[in-house]
Amino acid sequence: MKTTRKCRALISVGLNFFALFFSITAFITTYWCVGTQRVPKPKCSKLRTHQCIDYGVNETDPNKVVYSWETGDDRFLFRQFHTGIWFSCEENINDEREECRSFIDLAPASEKGILWLSLVSEMLYIILLMVGFSLMCLELVHSSNIIDGLKLNAFAAIFTVLSGLLGMVAHMMYTQVFQATVSLGPADWRPYNWDYGWSFCMAWGSFTCCMGASVTTLNSYTKTVIEFRHKRKTFEQSLREEQAREAFGYFRERSVHSISKSVEDYASQTPKSSRRSSVHGSPSLDLSDTTGSLGEEQC
């Protein structure tokens with residue numbers, strides 16, 4: 001029982017650790033959503049000779065007419081971007097560095113309240129995961145004491161389930177805010193196409209590990225309680241059977257002892273003369289009666 005409890009506790013601690021690691025990594029990274037943005041190509045210059053629009057004339061001469069033969073998507077440049085909970089970063093078309101902006105500023109005014117709720121839920125999710133992880137570690141330390149282990153197990157399961165629910169709500173609210181920002185956000189930021197990134201996958205992987213840890217913890221608690229009750233019931237049943245056997249043996253000895261004592265008391269109270277007369281008196285009486293009857297017949 002102790003070995004199986006410890007194995008289940010180790011599985012719960014491992015799943016909770018991965019959930020905590022994934023959630024913190026997703027919270028601080030900016031790859032929840034990735035994609036491309038379509039921006040106009042800049043004009044070509046001496047420093048920039050590619051990914052630009054070359055008009056082929058001296059732009060400083062005001063008497064020259066400037067023509068551009070590029071149409072459609074040829075007039076635009078597609079740059080990569082990636083967005084997280086806190087920041088959104090895009091490629092800089094003028095150099096190789098990235099420009100980052102606060103995603104809270106990019107979100108529409110009607111969605112900022114939901115975004116703040118998502119941020120608070122994410123932080124509570126991580127805090128509750130830490131509390132559950134600490135309780136599970138304490139359960140491993142107190143594995144020798146079943147009662148203390150059950151109490152820690154129950155509280156760890158409650159905190160882990162609550163953290164999983166908060167994490168799920170936070171992920172769904174962020175997804176809603178991002179989709180609204182794609183449609184209603186600033187024109188210079190709206191993506192041309194986008195998809196979910198590895199941070200988003202880690203966030204939902206954290207939720208999966210969290211729920212797995214909560215289910216394992218609840219299963220461990222239930223199995224421990226059932227095993228404890230079964231052992232207690234078996235012990236009580238064996239104790240009752242032993243007491244019944246002892247009571248039966250005690251009453252049997254008492255009955256035998258009382259019967260033998262009664263016989264001895266009766267034998268001691270009966271006089272020897274009465275016993276002898278009872279033995280020799282009845283035959284003498286029978287012989288006299290017989291001789292009298294024979295004399296009457298002869299007369």
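Cys100 counts as partly exposed in this predicted model, because its relative accessibility is 46%. Its bonding partner is Cys89: the two form a disulfide, with their sulfur atoms 2.0 Å apart. A disulfide is a covalent bond between the sulfur atoms of two cysteines. Cys89 sits in strand S3 (residues 87–91) and Cys100 in strand S4 (residues 98–102), so the bond ties together parts that are 11 residues apart in sequence. The angle about the S-S bond is 105 degrees, and the link of Cys89 and Cys100 is right-handed. How many disulfides are there by this rule? The count comes to one.

What about Cys210? Its sulfur has its closest cysteine sulfur in Cys209, 8.8 Å away, and that is too far for a bond. Here's how some cysteines compare with two other residues we'll meet below.

| Residue | Relative accessibility | Class |
|---|---|---|
| Cys89 | 5% | buried |
| Cys100 | 46% | partly exposed |
| Cys201 | 52% | exposed |
| Cys210 | 0% | buried |
| Pro108 | 11% | buried |
| Thr160 | 1% | buried |

Why does Cys201 count as exposed? Its relative accessibility is 52%, and the exposed class takes in values over 50%.

**The chain as a whole**

Let's zoom out. The protein chain has six helices and five strands. If you read along the sequence, the pattern goes α-β-β-β-β-α-α-α-β-α-α. Out of 299 residues, 32% count as buried. The chain exposes about 19400 Å², and carbon and sulfur atoms supply 62% of that area. Now look at who touches whom: among contacts with a separation of 6 or more, 74% join residues 24 or more positions apart.

**Nonpolar cores**

In soluble globular proteins, nonpolar side chains tend to be buried together. In this model, the largest nonpolar core has 28 residues, and Trp32, Phe103, Leu115, Tyr174 and Phe178 have the most contacts inside it. Helices H1 (2–28), H2, H3, H4 (146–184) and H5 (198–269) each supply at least two residues of this core. Which helix gives the largest share? That's H5, with six residues.

Phe103 is a good one to click on. Not counting residues up to four places away in sequence, Phe103 touches a long list of partners, including Thr83, Trp86, Phe87, Leu115, Tyr174, Phe178 and Trp189. Apart from the largest core lies another one, of six residues, among them Leu135, Met136, Ala156 and Ala213.

**Two more spots to find**

Thr160 is found in helix H4. It counts as buried because its relative accessible area is 1%. Leaving aside neighbours within four places in sequence, Thr160 is in contact with Asn16, Gly132, Met136, Cys210, Ala213 and Ser214. You've already met some of those names: Met136 and Ala213 belong to the six-residue core, and Cys210 is buried, with a relative accessible area of 0%.

Pro108 lies in the loop between helix H2 (103–106) and helix H3 (112–141). Is Pro108 buried or exposed? At 11% relative accessibility, Pro108 counts as buried, since the cut-off for that class is under 20%. Not counting residues up to four places away in sequence, Pro108 touches Ala180, Thr181 and Leu184. Thr181 is also one of the residues that Phe103 touches. Pro108 and Ser183 are 75 residues apart in sequence, while their C-alpha atoms are 9.4 Å apart in space.

Technical notes. Residues numbered from 1 in each chain as written. Predicted model: local features only at pLDDT ≥ 70, side-chain atom pairs only at ≥ 80, totals over all residues. Heavy atoms only, no water. Helix = DSSP H or I, 4+ residues; strand = E, 2+ residues; numbered from the N terminus. Buried < 20%, exposed > 50% of the residue type's maximum accessible area, 1.4 Å probe, protein only. Contact = heavy atoms within 4.5 Å. Disulfide = S-S within 2.5 Å. Core = buried A, V, L, I, M, F, W, Y, C linked by side-chain atoms within 4.5 Å. Areas by Shrake-Rupley, 256 points an atom, 1.4 Å probe, with all protein chains shown as cover.
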